[in-house]
Amino acid sequence: MKFLGIIPARYASTRFPGKPLALLAGKPMIQRVYEQVSGLLDEVYVATDDLRIQETVEAFGGKVIMTSTNHKSGTDRCYEAYTHVGRAFDVIINIQGDEPFIHPSQIESLKQCYRDGTTQIATLVKPFSASDGWEVICNPNSPKVVFSQHMQALYFSRSVIPYLRGKEPEEWPVSHTYYKHIGLYAYRAEVLREITSLPQSSLELAESLEQLRWLENGYVIRVGVTDIETIGIDTPEDLERAELFLKNRH
């Protein structure tokens, strides 16, 4: 199978404008993401609507595709970029531009999901540690996932799911294994085309999570589990945590 990696990158982030160009240990974040996944897939492109990001990617030798400014989601931007690549791929992997610590094993886990010929969409989850505590688990910027015994996603939420009846919230982290969603998606090419033509759904609008649109429309999202810690960067404060994480890791 041929795998294409696309990294959607917008400049106009509501919570962190200019996020892809923010420096993390001296390198633009978009460069760190690109370098983490290059060599793991058949090809990798950044998909952006901003000339500053395009110029930055070209400056470090990356491949970049300019896309429309009107996209409402990274998935829509991925599909447009794919149509501009000009070559067919079996699976397109949507790599979040604010996940600079993506590990090679996580990309491999996504690829392994497609050993099952019925897989339409795949994503990754990571168990929270009981030591993370209630405040970490209930952070709405870290979506939670519940999935079936067949490793198929049942629901994603910014709320803590499941609710543990009869227990105080402080007891929840040690009473149940909670899973957070890692911002990686993989789609069969024909499925990517289909889901980008769907109108936004009520659950998607309620939670601001586009994957709920796919579940509402009957698509199956296969889940792979990773134990690798990553830090998604949504705010300047997250960038400070990432700097500290990078220093401690080295």
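The legends below accompany a set of close-up views of one predicted model.

The model is predicted, so local features need pLDDT of at least 70 and side-chain atom pairs count only at pLDDT 80 or more, while totals for chains, interfaces and linings use all residues. Residues are numbered from 1 along each chain as its sequence is written, and side-chain values use heavy atoms, with hydrogens and water left out.

**View 1. The whole chain, with its 10 helices and 11 strands.** Helices (H or I, at least four residues) and strands (E, at least two) are DSSP runs, numbered from the N terminus. The radius of gyration is 18 Å, close to the 18 Å from the globule rule for 250 residues, so the protein chain is as compact as a globular protein of that length. That radius is taken over C-alpha atoms, and the rule is 2.2 Å times the number of residues to the power 0.38. Along the principal axes, the C-alpha atoms fill a box of roughly 55 × 40 × 30 Å. Buried residues account for 50% of the 250 in the chain; here buried means under 20% relative accessible area, exposed over 50%, and partly exposed in between (1.4 Å probe, protein chains only). The accessible surface comes to about 11,800 Å², with 49% of it belonging to carbon and sulfur atoms; areas come from the Shrake-Rupley method with a 1.4 Å probe, and for residues only the protein chains shown count as cover. Of the contacts (heavy atoms within 4.5 Å) between residues at least 6 apart in sequence, 68% join residues at least 24 apart.

**View 2. Two separate nonpolar cores.** A nonpolar core is a set of buried Ala, Val, Leu, Ile, Met, Phe, Trp, Tyr and Cys residues joined through side-chain atoms within 4.5 Å. The largest has 29 residues, and those with the most contacts inside it are Leu4, Ile6, Ile92, Ile121, Tyr187, Ile195 and Trp214. A second core, of 26 residues, includes Ile7, Ile93, Ile95 and Leu124. Take a moment with Ile6: leaving out residues up to four places away in sequence, Ile6 touches Tyr45, Ala47, Cys78, Ala81, Tyr82, Ile92, Ile93, Asn94 and Ile95. As background, nonpolar side chains in soluble globular proteins tend to be buried together.

**View 3. Pro8 in strand β1 (residues 3-9).** At 14% relative accessibility, Pro8 counts as buried. Its contacts, not counting residues up to four places away in sequence, are Ala47, Gly74, Arg77, Cys78, Asn94, Ile95 and Gly97. Val64 is 56 residues from Pro8 along the chain, and their C-alpha atoms are separated by 9.8 Å.

**View 4. Helix α1 (residues 29-37), largely enclosed by the rest of the structure.** Seven of its nine residues are buried, namely Met29, Ile30, Gln31, Arg32, Val33, Tyr34 and Val37. Look just after α1 for Gly39, which takes a positive phi of about 95°.

**View 5. Cys78 and Cys113, with no disulfide.** A disulfide is a pair of cysteine sulfur atoms within 2.5 Å, and the structure holds zero of them. For Cys78, the closest cysteine sulfur is that of Cys113, 17 Å away and too far for a bond. Cys78 is buried at a relative accessible area of 0%, and Cys113 also counts as buried at 8%.

**View 6. Ser73 and its partner Glu210.** Ser73 sits in the loop between β5 (64-66) and α3 (74-85), where it is buried with a relative accessible area of 11%. Its side chain makes a polar contact with the side chain of Glu210 at 3.1 Å. Such a contact is a pair of N or O atoms within 3.5 Å; within protein, one must be able to donate a hydrogen and the other to accept it, and residues adjacent in sequence count only if both atoms are side-chain atoms.

**View 7. The loop between β9 (153-157) and α6 (172-175).** This loop contains Pro162, joined to Ile161 by a cis peptide bond with omega about 0°. Glu170 is found in the loop too, and is exposed with a relative accessible area of 58%. Glu135 is 35 residues from Glu170 in sequence and 8.9 Å away in space, C-alpha to C-alpha.

**View 8. Positive phi at Ala25 and Ser208.** Ala25 is not a glycine, yet has a positive phi of about 50°. This residue lies in the loop between β2 (23-24) and β3 (27-28) and is partly exposed, at 41%. Ser208, likewise not a glycine, has a positive phi of about 55°. Ser208 belongs to the loop between α8 (202-207) and α9 (211-216) and counts as exposed at 54% relative accessibility.
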